[in-house]
Amino acid sequence: MTTYPFTGNETKAINFMPTLDSVVYNANVGWNLSAQRWYITITGSDGTRMITRPLVESPAGTDINILFGVFASTLVWRADDGIIEVNP
C-alpha cells in the first residue's frame, strides 16, 4: 500500500503519481466549484484521461474504492487519517 497526504482542507489541487495495475499514472485532485467537492482525475503518461470521479470519503472500517470498474487496483480516501491509500 502507498499513501499520499490529503486532508480535504487543502487550498489548491494536489498531484501525485500512483502505480495502478503495475503502470504509473498521473493523478490530480482538484476542487470543483460548481459541485462544491473534490474530484480525482487519473491520466496516462501521454495525457489520455482514464477516469474522473468525485473523491468520496471512506468511513472507518469501510473501503469506498474510487477506481471500481476501471482498475483492479484500489484507491481509498481516509479523510479522518488525512491520506489517500493506493493498493496496487
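In this predicted model, P5 stands opposite I83 in strand 9. That pairing belongs to the contact between strand 1, residues 2-5, and strand 9, residues 83-87, which run antiparallel and are joined by four bridges. Strand 9 also pairs with strand 8: five bridges join these two, again in the antiparallel sense. I83 appears here as well, since R78 stands opposite I83 in strand 9. I83 therefore offers a convenient place to begin, as P5 stands opposite I83 and R78 stands opposite I83 too.Strand 8 covers residues 74-78, and R78 lies within it. Strands 8 and 9 form a hairpin with four residues between the strands, and in this hairpin G82 takes a positive phi near 70°.

What surrounds R78, leaving aside its neighbours within four places in sequence? R78 is in contact with S58, P59, T62, D63, I83 and E85. With T62 there is a polar approach: a polar atom of the R78 side chain lies 2.9 Å from the backbone oxygen of T62. R78 has a relative accessible area of 12%, so it is buried; the cut-off for that class is under 20%.

The chain as a whole can be described next. It contains nine strands and zero helices, and its pattern along the sequence reads β-β-β-β-β-β-β-β-β. The radius of gyration is 12 Å, close to the 12 Å that the globule rule gives for 88 residues, so the chain is as compact as a globular protein of that length. Taken along the principal axes, the C-alpha atoms fill a box of roughly 30 × 30 × 20 Å. Of the 88 residues, 38% count as buried. The accessible surface comes to about 5100 Å², and carbon and sulfur atoms hold 51% of that area. Among contacts with a separation of 6 or more, 30% are between residues 24 or more positions apart.

Another part of the fold is an open sheet of four strands, with the order 2-5-6-7 and antiparallel pairing. Its edge strands are strand 2, residues 14-16, and strand 7, residues 49-54, each of which pairs on one side only. On average, neighbouring strands of this sheet are turned by 15° against each other, direction ignored. In a regular strand, side chains alternate between the two faces of the sheet.

Within this sheet, strand 5, residues 26-32, runs antiparallel to strand 6, and seven bridges join the two. One of the facing pairs is N32 with R37, the latter in strand 6. The hairpin of strand 5 and strand 6 has four residues between the strands, and Q36 takes a positive phi near 60° there.

Strand 6, residues 37-43, also pairs with strand 7, in the antiparallel sense and over five bridges. Here T41 has T52 in strand 7 as its bridge partner, while I42 stands opposite I51 in strand 7. Five residues lie between the strands in the hairpin of strand 6 and strand 7, where G47 takes a positive phi near 95°.

After strand 7 comes the loop that leads to strand 8, and V56 lies in this loop. Is V56 buried, partly exposed or exposed? Its relative accessibility is 29%, so V56 counts as partly exposed. Leaving aside neighbours within four places in sequence, V56 is in contact with R37, I64, I66 and W77. V56 and G8 are 48 residues apart in sequence, and their C-alpha atoms are 10 Å apart in space.

S73 is also placed in the loop between strand 7 and strand 8. With a relative accessible area of 1%, S73 is buried, whereas V56 counts as partly exposed. The side chain of S73 reaches the backbone nitrogen of D21 at 2.7 Å. Beyond its neighbours within four places in sequence, S73 is in contact with T19, L20, D21, N65, L67, N87 and P88.

Key: Residues are numbered from 1 along each chain as its sequence is written. This is a predicted model: local features need pLDDT of at least 70, side-chain atom pairs count only at pLDDT 80 or more; totals for chains, interfaces and linings use all residues. Side-chain values use heavy atoms; hydrogens and water are left out. Two strands pair if DSSP finds at least two bridges between them. Axes are lines fitted to C-alpha atoms, for helices over the stretch in contact, and angles run from 0 to 180 degrees between N-to-C directions. The radius of gyration is taken over C-alpha atoms; the globule rule is 2.2 Å times the number of residues to the power 0.38. Buried means under 20% relative accessible area, exposed over 50%, partly exposed in between (1.4 Å probe, protein chains only). Contact means heavy atoms within 4.5 Å. Accessible areas come from the Shrake-Rupley method with a 1.4 Å probe; for residues, only the protein chains shown count as cover. A polar contact is a pair of N or O atoms within 3.5 Å; within protein, one must be able to donate a hydrogen and the other to accept it, and residues adjacent in sequence count only if both atoms are side-chain atoms.
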